[in-house]
Amino acid sequence: MLSAAALILFPSLMAYAASSDLLTMTIANWISALLVVAFLLLAAVAGMPVMEVLQTHLACGAAVLALTFTLFAFGWIGGGDAKLAASTAVWLGWDNLYAYGLTTSIIGGALTLAILRWRLSDLPAVLDRQVWVRRLHAAGNGVPYGIALAAAGLILYPDTAIWAAAAT
């Protein structure tokens with residue numbers, strides 16, 4: 001059951017966060033909160049040492065939250081993105097943090113370039129009727145970076161301590 005929960009919870013929440021950001025340009029606070037709570041519960045059930053969870057995973061999430069809220073304060077990223085990055089860092093830990101930042105940057109850069117290029121073209125009438133497509137296509141709007149954050153988290157998830165703990 002632990003393996004099933006580990007396989008289902010994180011990927012499902014990340015997919016929901018990415019799709020929510022794509023469709024609404026928002027990531028609800030409950031998603032990030034549930035990610036942290038789910039990690040803590042899975043870590044306890046998997047028998048991960050309490051100090052490892054506190055020092056490695058929660059500290060990593062707190063550090064990422066401090067960094068991303070600084071970026072948010074400057075208006076460079078959205079608040080939902082900041083919280084999603086931090087809650088994802090809780091799952092990934094310090095060992096995967098550099099790879100997470102790099103992978104997110106590569107995916108996010110490609111996503112941003114693709115959306116900016118797409119915004120230069122005319123929107124077909126059939127797509128123009130969709131509110132979320134119009135919002136995504138509008139030149140003044142941001143990029144749903146939660147997609148890149150979620151994709152990078154999913155790519156790195158099999159390399160995490162929680163994945164290893166659930167697999168044993």
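What follows is a walk through this structure, from its nonpolar core out to its surface. Keep in mind that this is a predicted model.

Let's start inside. The largest nonpolar core has 33 residues, and the members that touch the most others are L35, F39, M48, L84, W91, Y100 and I162. Several helices chip in: α1 (2-24), α2, α3 (50-73), α4, α8 and α9 (161-167) each bring at least two residues to this core. The largest share comes from α4, with seven residues. As a general rule, nonpolar side chains in soluble globular proteins tend to be buried together.

W91 is a good residue to click on if you want to see how the core is knitted together. Setting aside residues up to four places away in sequence, W91 touches F10, L35, A38, F39, L42, H57, Y157, T160 and I162. Three of the well-connected core members, L35, F39 and I162, turn up in that contact list.

Now move to α8, where you will find G153. Is G153 buried or exposed? Its relative accessibility is 0%, so G153 counts as buried. Beyond residues up to four places away in sequence, G153 touches F10, T88, L92 and Y100. F10 is also among the contacts of W91, and Y100 is one of the core residues that touch the most other members. For a sense of distance, take G153 and W76: they sit 77 residues apart in sequence, and their C-alpha atoms are 20 Å apart in space.

Y100 leads us straight to helix α5, where it is one of the buried residues. This helix covers residues 97-119. How far apart should the ends of a helix with 23 residues be? At 1.5 Å a residue the expected span is 33 Å, and the end C-alpha atoms are 32 Å apart, so the two values agree.

The buried residues of α5 are Y100, T103, T104, G108, L111, I115 and R119. Look at how those numbers are spaced along the helix. An α-helix has 3.6 residues a turn, so residues three or four places apart point the same way. And what do the buried residues of α5 pack against? Their partners are α4 (79-92), α7 (131-137) and α8 (146-156).

Three threonine and isoleucine positions in α5 show how burial varies along this helix. T104, in α5, has a relative accessibility of 6% and therefore counts as buried. Leaving out residues up to four places away in sequence, T104 touches G109, Y145, A148, L149 and A152. I106 is in α5 as well, but at 57% relative accessibility it counts as exposed, because the cut-off for exposed is over 50%. The C-alpha atoms of I106 and A82 are 17 Å apart, with their positions 24 residues apart in sequence. Further along α5 comes T112, which is partly exposed at 23% relative accessibility. Apart from residues up to four places away in sequence, T112 touches V143 and Y145. Y145 is thus a contact of T112 and of T104. T112 and W94 are 18 residues apart along the chain, and 26 Å separates their C-alpha atoms.

Back towards the N terminus, have a look at the loop between α1 and α2, where M25 is found. What is the phi of M25? It is positive, about 60°, although M25 is not a glycine. Most residues other than glycine have a negative phi. With a relative accessible area of 25%, M25 is partly exposed.

After that loop comes α2, residues 29-46, which has both a buried and an exposed side to its story. S32 lies in this helix and is buried, with a relative accessible area of 7%. Past its neighbours within four places in sequence, S32 is in contact with K83, L84 and S87. L84 is one of the core residues that touch the most other members. S32 and A73 are 41 residues apart along the chain, and their C-alpha atoms are separated by 19 Å.

L41, also in α2, goes the other way: its relative accessibility is 55%, so L41 counts as exposed. Together with Y16, W30, L34 and V37, L41 forms a nonpolar patch on the surface, with about 500 Å² of accessible area in all. Which helix gives the most to this patch? That is α2, with four residues. So α2 supplies residues to the core and to the surface patch.

Methods. Residues are numbered from 1 along each chain as its sequence is written. This is a predicted model: local features need pLDDT of at least 70, side-chain atom pairs count only at pLDDT 80 or more; totals for chains, interfaces and linings use all residues. Side-chain values use heavy atoms; hydrogens and water are left out. The expected span of a helix is 1.5 Å times one less than its number of residues. Buried means under 20% relative accessible area, exposed over 50%, partly exposed in between (1.4 Å probe, protein chains only). Contact means heavy atoms within 4.5 Å. Patches are made of residues with over 30% relative accessible area and no salt bridge: like charges are joined within 9 Å, nonpolar side chains (Val, Leu, Ile, Met, Phe, Trp, Tyr) within 5 Å. Accessible areas come from the Shrake-Rupley method with a 1.4 Å probe; for residues, only the protein chains shown count as cover. A salt bridge is a side-chain nitrogen of Lys or Arg within 4 Å of a carboxyl oxygen of Asp or Glu. A nonpolar core is a set of buried Ala, Val, Leu, Ile, Met, Phe, Trp, Tyr and Cys residues joined through side-chain atoms within 4.5 Å.
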